[in-house]
Amino acid sequence: MERALELAMKGIGKVNPNPLVGAVIVKDRKIIGEGYHECYGSAHAERNAVKNSTSLVEGSTIYITLEPCAHYGKTPPCVDLIIEKKFKKVVIGMLDPNILVAGKSIEKLKQHGIEVVVGIKEEECKKINEIFIKYITSKIPFVILKSGISLDGKIATYSGKSKWITSKESREDSQKLRNRLNSIMVGINTVIADDPELTCRINDEKKLIRIVVDTKLRIPLDSKVIKNNNNLTIIATTLNSDKKKKQKLIALGVKVIEVSENNNKVDLKELVKELGKAGIDSILIEGGGTLNFSALEEKIVDKVIFYISPKILGGKKSKSCIAGMGFSELEEAPNLKDISYRTIGEDLVIEGYIK
(Lines give C-alpha, C1' and ligand atoms only; values in the text may rest on other atoms or scores of the structure.)
Protein backbone atom coordinates (compact mmCIF):
# COMPACT_ATOMS: atom_id res chain seq x y z
CA MET A 1 0.00 0.00 0.00
CA GLU A 2 2.92 2.34 0.64
CA ARG A 3 4.09 1.70 -2.92
CA ALA A 4 0.56 2.29 -4.21
CA LEU A 5 0.54 5.66 -2.40
CA GLU A 6 3.86 6.58 -4.03
CA LEU A 7 2.43 5.74 -7.43
CA ALA A 8 -0.76 7.71 -6.77
CA MET A 9 1.26 10.89 -6.08
CA LYS A 10 2.65 10.77 -9.62
CA GLY A 11 -0.74 12.00 -10.81
CA ILE A 12 -0.49 15.30 -8.92
CA GLY A 13 -1.52 18.24 -11.08
CA LYS A 14 -2.90 16.03 -13.87
CA VAL A 15 -6.05 14.31 -12.62
CA ASN A 16 -8.26 17.05 -11.07
CA PRO A 17 -11.13 16.78 -10.31
CA ASN A 18 -10.54 13.01 -10.22
CA PRO A 19 -8.80 11.37 -7.26
CA LEU A 20 -5.15 10.35 -7.00
CA VAL A 21 -5.06 6.55 -7.15
CA GLY A 22 -2.27 3.98 -7.22
CA ALA A 23 -2.45 0.21 -7.65
CA VAL A 24 0.03 -2.64 -7.12
CA ILE A 25 -0.49 -6.29 -8.10
CA VAL A 26 1.27 -8.99 -6.06
CA LYS A 27 1.57 -12.70 -6.88
CA ASP A 28 3.70 -15.27 -5.07
CA ARG A 29 5.03 -12.44 -2.85
CA LYS A 30 6.37 -10.51 -5.85
CA ILE A 31 5.13 -7.34 -7.50
CA ILE A 32 4.04 -8.21 -11.03
CA GLY A 33 2.22 -5.02 -11.98
CA GLU A 34 1.96 -1.35 -11.07
CA GLY A 35 -0.16 1.53 -12.27
CA TYR A 36 -1.66 4.87 -11.33
CA HIS A 37 -4.27 7.30 -12.65
CA GLU A 38 -2.04 9.35 -14.93
CA CYS A 39 -4.31 12.13 -16.17
CA TYR A 40 -7.95 13.17 -16.23
CA GLY A 41 -9.99 11.09 -18.67
CA SER A 42 -7.37 8.37 -19.05
CA ALA A 43 -7.33 4.77 -17.78
CA HIS A 44 -7.65 4.25 -14.04
CA ALA A 45 -4.88 2.86 -11.83
CA GLU A 46 -6.25 -0.70 -11.77
CA ARG A 47 -6.38 -0.93 -15.58
CA ASN A 48 -2.86 0.43 -15.91
CA ALA A 49 -1.57 -2.05 -13.34
CA VAL A 50 -3.16 -4.97 -15.22
CA LYS A 51 -1.84 -3.66 -18.54
CA ASN A 52 1.68 -3.35 -17.09
CA SER A 53 1.68 -6.80 -15.47
CA THR A 54 4.55 -9.09 -16.34
CA SER A 55 2.51 -12.30 -15.89
CA LEU A 56 -1.10 -13.48 -15.61
CA VAL A 57 -2.94 -11.73 -12.78
CA GLU A 58 -5.41 -14.54 -12.10
CA GLY A 59 -5.23 -15.58 -8.44
CA SER A 60 -3.19 -12.53 -7.42
CA THR A 61 -3.78 -9.72 -4.91
CA ILE A 62 -4.28 -6.10 -5.95
CA TYR A 63 -3.57 -3.22 -3.55
CA ILE A 64 -5.50 -0.03 -4.38
CA THR A 65 -5.44 3.27 -2.49
CA LEU A 66 -9.14 3.93 -3.26
CA GLU A 67 -12.13 1.62 -3.67
CA PRO A 68 -12.40 0.69 -7.38
CA CYS A 69 -15.13 2.47 -9.34
CA ALA A 70 -18.46 0.70 -9.89
CA HIS A 71 -20.00 3.06 -12.45
CA TYR A 72 -19.45 4.05 -16.04
CA GLY A 73 -17.73 7.43 -16.39
CA LYS A 74 -15.04 8.20 -18.95
CA THR A 75 -13.87 4.59 -18.47
CA PRO A 76 -15.72 1.31 -17.69
CA PRO A 77 -16.03 0.15 -14.03
CA CYS A 78 -12.75 -1.12 -12.63
CA VAL A 79 -14.58 -3.49 -10.29
CA ASP A 80 -15.75 -5.46 -13.35
CA LEU A 81 -12.17 -5.72 -14.60
CA ILE A 82 -11.03 -7.15 -11.25
CA ILE A 83 -13.80 -9.76 -11.37
CA GLU A 84 -13.11 -10.56 -15.03
CA LYS A 85 -9.38 -11.08 -14.39
CA LYS A 86 -10.17 -13.42 -11.47
CA PHE A 87 -8.20 -11.68 -8.73
CA LYS A 88 -8.15 -13.63 -5.48
CA LYS A 89 -7.90 -10.70 -3.07
CA VAL A 90 -8.37 -6.93 -3.10
CA VAL A 91 -6.76 -4.69 -0.45
CA ILE A 92 -8.27 -1.18 -0.36
CA GLY A 93 -6.90 1.90 1.39
CA MET A 94 -10.15 3.85 1.75
CA LEU A 95 -13.79 3.71 0.71
CA ASP A 96 -14.81 5.94 -2.17
CA PRO A 97 -16.81 8.92 -0.81
CA ASN A 98 -18.55 9.24 -4.19
CA ILE A 99 -22.19 8.18 -3.66
CA LEU A 100 -22.06 6.43 -7.04
CA VAL A 101 -19.56 3.98 -5.50
CA ALA A 102 -19.57 4.21 -1.67
CA GLY A 103 -19.14 0.54 -0.81
CA LYS A 104 -20.95 -0.88 -3.85
CA SER A 105 -17.73 -2.20 -5.36
CA ILE A 106 -16.79 -3.99 -2.16
CA GLU A 107 -20.15 -5.73 -2.01
CA LYS A 108 -19.89 -6.75 -5.67
CA LEU A 109 -16.40 -8.18 -5.16
CA LYS A 110 -17.55 -10.21 -2.14
CA GLN A 111 -20.54 -11.52 -4.09
CA HIS A 112 -18.07 -12.96 -6.61
CA GLY A 113 -16.07 -14.72 -3.90
CA ILE A 114 -13.17 -12.26 -3.85
CA GLU A 115 -11.60 -11.54 -0.46
CA VAL A 116 -11.64 -7.84 0.42
CA VAL A 117 -9.62 -5.99 3.08
CA VAL A 118 -10.38 -2.30 3.71
CA GLY A 119 -8.63 0.44 5.70
CA ILE A 120 -4.93 -0.21 5.13
CA LYS A 121 -3.05 3.12 5.43
CA GLU A 122 -6.49 4.75 5.42
CA GLU A 123 -5.44 8.11 6.89
CA GLU A 124 -2.60 8.45 4.36
CA CYS A 125 -5.00 7.61 1.52
CA LYS A 126 -7.48 10.23 2.76
CA LYS A 127 -4.72 12.82 3.15
CA ILE A 128 -3.60 12.66 -0.48
CA ASN A 129 -7.21 12.97 -1.62
CA GLU A 130 -8.48 15.67 0.73
CA ILE A 131 -9.36 17.82 -2.29
CA PHE A 132 -11.35 15.05 -3.97
CA ILE A 133 -13.16 14.07 -0.77
CA LYS A 134 -14.51 17.57 -0.16
CA TYR A 135 -15.39 18.31 -3.78
CA ILE A 136 -17.10 15.00 -4.58
CA THR A 137 -19.27 15.22 -1.44
CA SER A 138 -20.13 18.96 -1.52
CA LYS A 139 -19.31 20.30 -5.01
CA ILE A 140 -17.50 23.12 -3.20
CA PRO A 141 -13.76 23.61 -3.87
CA PHE A 142 -11.13 22.75 -1.27
CA VAL A 143 -9.51 26.08 -0.34
CA ILE A 144 -5.92 26.58 0.86
CA LEU A 145 -4.78 29.99 2.09
CA LYS A 146 -1.03 30.31 1.58
CA SER A 147 1.21 33.20 2.60
CA GLY A 148 4.91 33.96 2.79
CA ILE A 149 5.56 36.21 5.77
CA SER A 150 8.20 37.69 8.03
CA LEU A 151 8.57 36.55 11.62
CA ASP A 152 6.27 39.43 12.66
CA GLY A 153 3.59 38.58 10.10
CA LYS A 154 4.41 41.15 7.40
CA ILE A 155 4.20 40.57 3.63
CA ALA A 156 5.99 43.81 2.66
CA THR A 157 8.07 46.61 4.16
CA TYR A 158 6.48 50.01 4.87
CA SER A 159 7.83 51.17 1.49
CA GLY A 160 6.10 48.28 -0.29
CA LYS A 161 9.13 46.02 -0.91
CA SER A 162 8.20 42.33 -0.84
CA LYS A 163 10.77 40.51 -3.04
CA TRP A 164 11.84 38.38 -1.42
CA ILE A 165 10.77 37.84 2.18
CA THR A 166 10.93 34.05 2.12
CA SER A 167 13.75 31.85 0.86
CA LYS A 168 14.19 30.53 -2.67
CA GLU A 169 13.48 27.04 -1.36
CA SER A 170 10.13 28.19 0.06
CA ARG A 171 9.15 29.86 -3.18
CA GLU A 172 9.97 26.70 -5.11
CA ASP A 173 7.98 24.64 -2.62
CA SER A 174 4.95 26.91 -3.01
CA GLN A 175 5.02 26.23 -6.76
CA LYS A 176 4.18 22.62 -5.90
CA LEU A 177 0.93 23.91 -4.44
CA ARG A 178 0.14 25.66 -7.72
CA ASN A 179 0.76 22.37 -9.48
CA ARG A 180 -1.42 20.43 -7.02
CA LEU A 181 -4.48 22.70 -7.13
CA ASN A 182 -6.33 23.70 -10.27
CA SER A 183 -6.91 27.40 -9.58
CA ILE A 184 -5.25 30.35 -7.88
CA MET A 185 -7.08 33.34 -6.39
CA VAL A 186 -5.86 36.86 -5.69
CA GLY A 187 -7.51 40.20 -4.99
CA ILE A 188 -7.57 43.15 -7.37
CA ASN A 189 -5.09 45.10 -5.20
CA THR A 190 -2.47 42.38 -5.80
CA VAL A 191 -3.01 42.57 -9.57
CA ILE A 192 -2.74 46.37 -9.61
CA ALA A 193 0.33 46.44 -7.36
CA ASP A 194 2.31 43.47 -8.72
CA ASP A 195 0.78 42.58 -12.13
CA PRO A 196 1.49 38.85 -11.56
CA GLU A 197 1.19 36.17 -14.25
CA LEU A 198 -0.13 33.56 -11.79
CA THR A 199 1.28 30.56 -13.63
CA CYS A 200 2.88 27.30 -12.50
CA ARG A 201 6.61 27.55 -13.16
CA ILE A 202 7.39 23.89 -12.47
CA ASN A 203 4.84 22.55 -14.97
CA ASP A 204 4.55 24.37 -18.30
CA GLU A 205 1.60 22.17 -19.28
CA LYS A 206 -0.40 23.10 -16.18
CA LYS A 207 -3.51 25.09 -17.13
CA LEU A 208 -3.79 26.91 -13.81
CA ILE A 209 -7.06 28.86 -13.69
CA ARG A 210 -6.51 32.45 -12.48
CA ILE A 211 -9.28 33.99 -10.34
CA VAL A 212 -9.24 37.71 -9.54
CA VAL A 213 -11.68 39.05 -6.94
CA ASP A 214 -12.56 42.50 -8.27
CA THR A 215 -15.67 44.09 -6.76
CA LYS A 216 -15.63 47.27 -8.90
CA LEU A 217 -13.98 45.81 -12.04
CA ARG A 218 -10.88 47.95 -11.60
CA ILE A 219 -8.59 45.48 -13.38
CA PRO A 220 -6.44 47.10 -16.11
CA LEU A 221 -7.13 45.59 -19.51
CA ASP A 222 -3.39 45.23 -20.14
CA SER A 223 -2.80 43.11 -17.01
CA LYS A 224 -0.69 39.99 -17.56
CA VAL A 225 -3.51 37.72 -16.40
CA ILE A 226 -5.60 39.12 -19.25
CA LYS A 227 -2.94 39.39 -21.95
CA ASN A 228 -1.65 35.87 -21.27
CA ASN A 229 -4.70 33.93 -22.43
CA ASN A 230 -3.05 30.50 -22.48
CA ASN A 231 -4.73 29.90 -19.13
CA LEU A 232 -8.32 30.78 -18.29
CA THR A 233 -8.82 33.94 -16.24
CA ILE A 234 -11.97 34.42 -14.18
CA ILE A 235 -12.92 37.83 -12.82
CA ALA A 236 -15.22 37.56 -9.81
CA THR A 237 -17.29 40.69 -9.38
CA THR A 238 -20.72 41.81 -8.18
CA LEU A 239 -24.06 42.24 -9.90
CA ASN A 240 -23.65 46.02 -9.64
CA SER A 241 -20.29 46.26 -11.44
CA ASP A 242 -19.59 48.18 -14.66
CA LYS A 243 -21.47 46.41 -17.50
CA LYS A 244 -19.39 48.02 -20.27
CA LYS A 245 -16.14 46.92 -18.60
CA LYS A 246 -17.60 43.45 -18.25
CA GLN A 247 -18.26 43.22 -22.01
CA LYS A 248 -14.72 44.40 -22.77
CA LEU A 249 -13.30 41.66 -20.54
CA ILE A 250 -15.48 38.99 -22.14
CA ALA A 251 -14.33 40.17 -25.59
CA LEU A 252 -10.74 39.57 -24.43
CA GLY A 253 -11.51 35.96 -23.52
CA VAL A 254 -12.01 36.51 -19.79
CA LYS A 255 -14.80 34.73 -17.94
CA VAL A 256 -16.77 37.04 -15.63
CA ILE A 257 -18.72 35.61 -12.69
CA GLU A 258 -21.17 37.95 -10.95
CA VAL A 259 -22.30 37.26 -7.39
CA SER A 260 -24.01 39.15 -4.59
CA GLU A 261 -22.33 41.71 -2.36
CA ASN A 262 -21.36 41.10 1.24
CA ASN A 263 -20.37 44.30 3.08
CA ASN A 264 -19.77 46.04 -0.27
CA LYS A 265 -17.46 43.24 -1.42
CA VAL A 266 -17.77 40.07 -3.44
CA ASP A 267 -19.64 37.42 -1.44
CA LEU A 268 -16.94 34.75 -1.23
CA LYS A 269 -19.25 32.00 0.02
CA GLU A 270 -21.47 32.44 -3.01
CA LEU A 271 -18.41 32.69 -5.24
CA VAL A 272 -16.88 29.36 -4.21
CA LYS A 273 -20.22 27.66 -4.84
CA GLU A 274 -20.30 29.12 -8.36
CA LEU A 275 -16.70 28.06 -8.96
CA GLY A 276 -17.57 24.55 -7.82
CA LYS A 277 -20.43 24.45 -10.34
CA ALA A 278 -17.87 25.43 -13.00
CA GLY A 279 -15.85 22.28 -12.21
CA ILE A 280 -13.15 23.92 -10.09
CA ASP A 281 -12.28 21.50 -7.28
CA SER A 282 -9.56 23.48 -5.50
CA ILE A 283 -8.41 27.06 -4.91
CA LEU A 284 -5.06 28.37 -3.71
CA ILE A 285 -5.48 31.83 -2.21
CA GLU A 286 -2.30 33.88 -2.60
CA GLY A 287 -3.91 37.21 -1.86
CA GLY A 288 -3.01 40.24 0.16
CA GLY A 289 -4.22 40.98 3.66
CA THR A 290 -7.68 42.17 2.62
CA LEU A 291 -8.64 39.07 0.64
CA ASN A 292 -7.02 36.78 3.22
CA PHE A 293 -9.08 38.27 6.05
CA SER A 294 -12.30 38.15 4.03
CA ALA A 295 -11.69 34.48 3.20
CA LEU A 296 -11.21 33.64 6.87
CA GLU A 297 -14.11 35.84 7.99
CA GLU A 298 -16.48 34.22 5.50
CA LYS A 299 -15.24 30.75 6.49
CA ILE A 300 -14.33 29.49 3.01
CA VAL A 301 -10.81 28.34 4.00
CA ASP A 302 -10.13 24.66 4.72
CA LYS A 303 -6.37 24.76 5.25
CA VAL A 304 -3.63 27.34 5.80
CA ILE A 305 0.06 27.13 4.92
CA PHE A 306 2.41 29.86 6.16
CA TYR A 307 6.04 30.11 5.08
CA ILE A 308 7.68 32.11 7.87
CA SER A 309 10.99 33.84 7.28
CA PRO A 310 13.31 34.72 10.21
CA LYS A 311 13.29 38.35 9.03
CA ILE A 312 11.66 41.02 11.24
CA LEU A 313 10.25 43.96 9.24
CA GLY A 314 8.30 46.00 11.77
CA GLY A 315 6.45 49.21 10.97
CA LYS A 316 2.83 50.30 11.47
CA LYS A 317 2.46 50.85 7.74
CA SER A 318 4.03 47.55 6.70
CA LYS A 319 1.43 45.30 5.12
CA SER A 320 0.26 42.35 7.18
CA CYS A 321 -0.79 38.99 5.78
CA ILE A 322 -4.18 39.31 7.49
CA ALA A 323 -5.68 42.80 7.33
CA GLY A 324 -9.32 43.94 7.34
CA MET A 325 -11.07 44.69 10.61
CA GLY A 326 -9.67 41.67 12.37
CA PHE A 327 -11.58 39.65 14.96
CA SER A 328 -12.75 41.53 18.04
CA GLU A 329 -12.98 38.48 20.30
CA LEU A 330 -10.45 35.68 20.73
CA GLU A 331 -13.29 33.16 20.52
CA GLU A 332 -14.09 34.41 16.98
CA ALA A 333 -10.56 33.96 15.68
CA PRO A 334 -9.99 30.95 13.42
CA ASN A 335 -8.10 28.19 15.18
CA LEU A 336 -6.12 25.36 13.63
CA LYS A 337 -6.10 21.61 14.15
CA ASP A 338 -3.92 18.78 12.86
CA ILE A 339 -0.97 21.16 12.73
CA SER A 340 2.36 20.17 11.21
CA TYR A 341 5.70 21.97 11.21
CA ARG A 342 8.72 21.66 8.94
CA THR A 343 11.71 23.72 7.91
CA ILE A 344 12.69 24.54 4.37
CA GLY A 345 15.76 26.60 3.58
CA GLU A 346 15.95 29.07 6.46
CA ASP A 347 12.17 29.25 6.82
CA LEU A 348 9.61 27.55 9.04
CA VAL A 349 6.49 26.16 7.38
CA ILE A 350 3.30 25.75 9.42
CA GLU A 351 0.32 23.88 8.00
CA GLY A 352 -3.03 23.29 9.63
CA TYR A 353 -6.75 22.90 9.05
CA ILE A 354 -9.39 25.37 10.19
CA LYS A 355 -11.35 23.89 13.12
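This text walks through one sheet, the helices on it, and one annotated residue. The model is predicted, so local features need pLDDT of at least 70 and side-chain atom pairs pLDDT 80 or more, while totals for chains, interfaces and linings use all residues. Residues are numbered from 1 along each chain as its sequence is written, and side-chain values use heavy atoms, without hydrogens and water.

Nine strands form an open sheet with mixed pairing, in the order E10-E9-E8-E7-E13-E6-E14-E16-E15. Strands (E, at least two residues) and helices (H or I, at least four) are DSSP runs numbered from the N terminus, and two strands pair if DSSP finds at least two bridges between them. At the edges lie strand E10 (255-259) and strand E15 (336-344), each paired on one side only. On average, neighbouring strands of this sheet are turned by 20° against each other, direction ignored; axes are lines fitted to C-alpha atoms, for helices over the stretch in contact, and angles run from 0 to 180 degrees between N-to-C directions.

Within the sheet, strand E6 (residues 142-149) runs parallel to strand E14 (residues 303-308), joined by six bridges. Lys146 stands opposite Ile305 in E14. Helix H6 (residues 130-138) packs on the sheet, and its direction makes about 140° with that of E6. H6 touches E6, E13, E14 and E16, contact meaning heavy atoms within 4.5 Å.

The annotated residue is Glu46, where UniProt places the feature "active site" in an unreviewed entry; such annotations may be inferred rather than shown by experiment. Glu46 is found in helix H2 (residues 45-51). Its relative accessible area is 3%, so Glu46 is buried (under 20%, with a 1.4 Å probe and protein chains only).

Definitions and conventions:
Buried means under 20% relative accessible area, exposed over 50%, partly exposed in between (1.4 Å probe, protein chains only).
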